[in-house]
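Work through the exercises below with the sequence and the coordinates at hand. Each task is followed by a solution in steps.

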Amino acid sequence: MIRICMVGTGYVGLVSGACMADFGHRVTCVDINQERIEGLVKGVIPFYEPGLDRLVLKNVDEQRLTFTTSLAEGIKDADVVFIAVQTPMSESGEADLKYVMKVGEEIGELLDRYMVIVTKSTVPVGTNRALEKIIRAKLTTDVEFDMASNPEFLREGSSIEDFMRPDRVVIGVDSERSEELMREIYRPLYLSDTPMVKTGIETAELVKYASNSFLAVKISFINEIAKLAEAVGADVFDVAKAMGLDKRIGRKFLHPGLGFGGSCLPKDTNAIVHIAAEAGSEMSIVRAAIEVNRNIPGRAIAKAENLVGDLTGKTIALLGLAFKPNTDDIRSAASIELVKLLEAKGCKLRVHDPAAMENFKLFHPDLTYCQSPYEACESADLAILVTEWNQYRQLDFNWLAEAMTGNAFLDCRNVYDRPHLEKFGFKYDCFGRADHSWPVE
Ligand code: UGA
């Protein structure tokens, strides 16, 4: 059993902390946000993640998981401290490291024996070295410590499964002592033969950016193919399926639609462009992926106009606000840009999301928030499917045809098809399927 201090109870920290406790380790999660810690002690999870509440409660009950606002208390008996605080994107697109560095300073002041200090937050290459200097400068006693990098590859909405059954675990270390400790933390995964990739620290830092950037490139690539498919009379569904059957390419992350959003891919693609520039290198492919992604909401608006004509004064139902299903996260969600563009066109917006409405309300209190997708569609001229939540996959189109003023449906996630919607009298459009698209007038 390893004694772990996890600093930061955001998405990454809380999921990792709860899962490590479930592995049998003793975990203390630390956060400066008192309200959050008070809530967690009572089992209140500060964001929506399937299964996390049960996992936290179980490990709290079994006394392997505790919460505190005091870093001193958190690292008192710890063998290892994980830094999992946020690294938001700054104005210029770089990762803002102020929270990570602040935690580093505090750890330096408190360190009184050997410890491994691990970054779990996604940090630019070189951060661990910089952090090491900061910690060393703050030491009050002559103690040894090791840095390590242990990037996470958790997807929101399925993060517990991703943690418990990962494709790989990457540990960036530069001493045997820290390697041994990191391997011990993940020992339960040896049973499932999880590959353990041991690298140097800089390499581990780069693995994370390279992985997320590649996923982003894959999504933008299929979105460009979708655009081309519409122009040449092809169907991106079949193109992606046939491409994906080539094992070198793979089927995943070839779904066209509104592009990538969320707190990770947009931030990490921008960050790697900066990291490369600072290193005197180029990231032209990632730049292109960002550009393709940026243009997608504009294409959706053009499709909406093609379906219902001039949008001024039209009532539009948006189904889904979260950046993807099974999360209440709206960070860099395509819905934000869509709302901006539709409001600029003078549309009235009726919106629904099963989990993300409270978060969206904080930024857009004036939209009409509805309790169901059906309520959102009442008297709408056009319904736009923005997030492919399961509950939007079997809509009652007889009901919608009655309740809506118009008869247009824009399917930004390619959930339905044109023959199906035409049966109910709808004009339908989607992304990348020439036979299913509404002809441009
Ligand atoms: C992503 C990575 O998948 C994780 O491996 C990584 O750990 C995480 O970022 C992170 O850096 O912490 P996440 O942001 O939760 O995870 O979401 P994804 O499932 O990757 O989806 C990202 C976006 O791409 C969503 O907006 C989704 O709708 C979109 N997407 C995904 C597509 O448009 N097409 C696809 O084929 C796949």
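**Exercise 1.** Classify Arg36 as buried, exposed or partly exposed, and describe its surroundings.

Step 1. Arg36 has a relative accessible area of 23%. Buried means under 20% relative accessible area, exposed over 50%, and partly exposed in between, with a 1.4 Å probe and protein chains only. Arg36 is therefore partly exposed.

Step 2. The model is predicted: local features need pLDDT of at least 70, side-chain atom pairs count only at pLDDT 80 or more, and totals for chains, interfaces and linings use all residues. Residues are numbered from 1 along each chain as its sequence is written, and side-chain values use heavy atoms, with hydrogens and water left out.

Step 3. Arg36 lies in helix H2, residues 34–41. Helices are DSSP runs of H or I with at least four residues, strands are runs of E with at least two, and both are numbered from the N terminus.

Step 4. Beyond its neighbours within four places in sequence, Arg36 is in contact with Thr9, Gly10, Asp31, Pro46 and Phe47. Contact means heavy atoms within 4.5 Å. Thr9 is 27 residues from Arg36 along the chain, and their C-alpha atoms are separated by 8.2 Å.

**Exercise 2.** Place Thr315 in the secondary structure and decide whether this residue is buried or exposed.

Step 1. Thr315 belongs to strand S9, which covers residues 315–319.

Step 2. The relative accessible area of Thr315 is 11%, so this residue is buried.

Step 3. With neighbours within four places in sequence set aside, the contacts of Thr315 are Lys348, Arg350, Ser379, Ala380, Asp381 and Leu382.

**Exercise 3.** Describe the overall build of the chain, including its radius of gyration.

Step 1. Count the elements: the chain has 17 helices and 14 strands.

Step 2. The radius of gyration is 24 Å, close to the 22 Å that the globule rule gives for 441 residues, so the chain is as compact as a globular protein of that length. The radius is taken over C-alpha atoms, and the rule is 2.2 Å times the number of residues to the power 0.38.

Step 3. Of the 441 residues, 54% count as buried. Among contacts with a separation of 6 or more, 72% join residues 24 or more positions apart.

**Exercise 4.** List the domains and state how many residues of domain 2 and domain 3 are in contact.

Step 1. An automatic or database domain assignment sets the bounds: domain 1 is 3–199, domain 2 is 209–290 and domain 3 is 295–429.

Step 2. The centres of domain 2 and domain 3, over C-alpha atoms, are 24 Å apart.

Step 3. In domain 2, 13 residues are in contact with 15 residues of domain 3.
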